[in-house]
Amino acid sequence: MTLSGRYKLPILCSGLALIVAACGGSPTEPSSPSSRATGAVVAGVVSGSSGSTATAGLSTSAYRPKATSSWSGLTVRVSGTNRSALVGDSGSFEIADVPPGIVKLQFTGEGVNATTEVADVSADQFVQLEVQLSASTALIVGDARTRKVSLCHAEGTGEYHLIDISESAEATHRGHGDAEIGEAVPGRPGTTFDSNCRPVGPAIDIEKLTNNEDADVAPGPRIPLGNTVTWSYVVKNIGTVNLTAVNVVDDRGVVVSCAQTALSAGASMTCTGTGIATALGPYQNLGTATAQWSTSAGSGTVTDSDPSHYLGVSPITIEKLTNGEEADTAPGPSIAVGSPVTWEYRLTNISTSPLTSVSVSDDRGVAVSCSQTSLGPGATMTCTGSGQAVLGQYSNIGTVTANWSAGGFSGTATASDPSHYLGVSEDEGPKVSLCHRTGAGFYVLISVGAAAEPAHLAHGDGRPGQAVPGSPGRSFSSGCSVQ
């Protein structure tokens, strides 16, 4: 159990110079709520020795790094106090609020029972030690001291805790948003840290959501044209001063409604705005909250902003099939020249608004027949077209158009999907068996004329018993299953 009531500062180096460098590095991790300590901080790293009578990798022979991979179970204690700490797996330890004077450290556990003394420790010091341990001795081989600095440490959650660090680490910590008690909170003008590292002063926070999604970065949710978009603006008073004249605006002209215009310290509210998705592609807007504050020390304004995004998509989809196969890529099914070809155009209204004037066209002049010209929200319809197979590789594209109308807005939307087949001659000679990749990504066994084989192989088909194109180490069975 760590009784230091502070923070651990890992030290992973084996030499004194490296220890000092390491302590000037990244910010520490929290281990307790903030409370100001009046004593010194004693930190360090322990190294073991090995030789004739090693116990858990330790003995009294020549120095060598500890043989075991973990220091689990080793404890260091300041004799005569309740200050102690577990030694980390890397050998590091830290004890805060250590009384000044001669500090006696006792190491126990892992077959070790050893003591050592650190002389002339003052309350304002950060003492960094390197201790060489054996089963019964603890030898200080490195002792570096700097001024102890107490900082309010930012946790990334909006909260702060008091930590003690070495003076050499101060610049790094301040660069990550830490500051001393009584100083200004970084990034929050007019706010300072109190004696418990709580930000004191006015502050406001806004978090904007699009259709309940925290879409700070693009693309955000996909929203069909004609659908309602709902924005939520969660506004919170994260300061210690009551706020008045709270107002939320949107940079794209969205009308924002809030239930109140005042927020006491710690209170929050959710404002809302709505709109209609009217354009294809990315959309971004920015919500900004402002408020007034006033205390005996003065008055002013606080503000915060948060963006949100969505992607406008067509309200209708189309999936085209050739003789029942979703042949988005060539070659598609092999069809004898002159044989009938049937195309299906499957339409779906993915929006919450009805679609009218629904029609389907084909870029190769295929006459497409649909049973109706409107689709309700979520409704589907299959249109059809037919023709006769021609020789060679063939492709055509089906395109659907539809009108939408919602909330006083309207427009026309489109969507397209391709399909393919390979026209083969009846007298093309001997047949070959191929594993044909369907548009859905699986393989089926087909028989094609030998003349058509090169085109199929070039588009990802393969032979039974041979390697699967693009999948090293996998092959087709005789029935075209992948193994």
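Is Cys435 buried or exposed? In this predicted model, Cys435 turns out to be buried, with a relative accessible area of 0%. That cysteine is a handy way into the structure, as it takes part in a disulfide with Cys480, the two sulfurs sitting 2.1 Å apart. The torsion about this S-S bond comes to about -90°, so the link is left-handed. Distant parts of the chain are brought together here: Cys435 belongs to strand β26 (residues 431-437), while Cys480 falls in the segment after α3 (453-458), 45 residues apart. Cys480 is buried too, because its relative accessible area is 3% and the cut-off for buried is under 20%.

Stepping back to the whole protein, the fold has 3 helices and 27 strands. Of its 483 residues, 44% count as buried. The protein exposes about 21,800 Å², and carbon and sulfur atoms supply 52% of that area. As for how the chain meets itself, take the contacts between residues at least 6 apart in sequence: 59% of them join residues at least 24 apart.

Back to the disulfides, of which the structure holds 4. With the bonded cysteines numbered in sequence order, the pairing reads 1-2, 3-4, 5-6, 7-8. One of the links joins Cys152 to Cys197, with 2.1 Å between the sulfur atoms. This link is left-handed, with -85° about the S-S bond. The pair connects distant parts of the chain, as Cys152 is in strand β8 (residues 138-154) and Cys197 is in the loop between β10 (192-193) and β11 (199-200), 45 residues apart. Neither end shows much of itself by the numbers: Cys152 is buried at 0% relative accessible area, and Cys197 counts as buried at 1%.

Cys370 and Cys383 make another disulfide, this time with their sulfur atoms 2.0 Å apart. Here the torsion about the S-S bond is about 115°, so the link is right-handed. Cys370 sits in the loop between β22 (355-362) and β23 (380-388), and Cys383 is in strand β23 itself, so the disulfide ties together parts that are 13 residues apart in sequence. What about exposure at the two ends? Cys370 is partly exposed, with a relative accessible area of 26%, whereas Cys383 counts as buried at 0%.

Turning to the strands, one open sheet is made of 4 of them, in the order β3-β2-β5-β6, with antiparallel pairing. The edges are taken by β3 (84-86) and β6 (112-121); each has a single partner strand, so one side of each has no neighbour in the sheet. On average, and ignoring direction, neighbouring strands in this sheet are turned by 20° against each other. Looking at one pairing in detail, β5 (residues 101-109) runs antiparallel to β6, and the two are joined over 8 bridges. Within that pairing, Leu105 has Thr116 of β6 as its bridge partner.

Definitions and conventions. Residues are numbered from 1 along each chain as its sequence is written. This is a predicted model: local features need pLDDT of at least 70, side-chain atom pairs count only at pLDDT 80 or more; totals for chains, interfaces and linings use all residues. Side-chain values use heavy atoms; hydrogens and water are left out. A disulfide is a pair of cysteine sulfur atoms within 2.5 Å. Buried means under 20% relative accessible area, exposed over 50%, partly exposed in between (1.4 Å probe, protein chains only). Contact means heavy atoms within 4.5 Å. Accessible areas come from the Shrake-Rupley method with a 1.4 Å probe; for residues, only the protein chains shown count as cover. Two strands pair if DSSP finds at least two bridges between them. Axes are lines fitted to C-alpha atoms, for helices over the stretch in contact, and angles run from 0 to 180 degrees between N-to-C directions.
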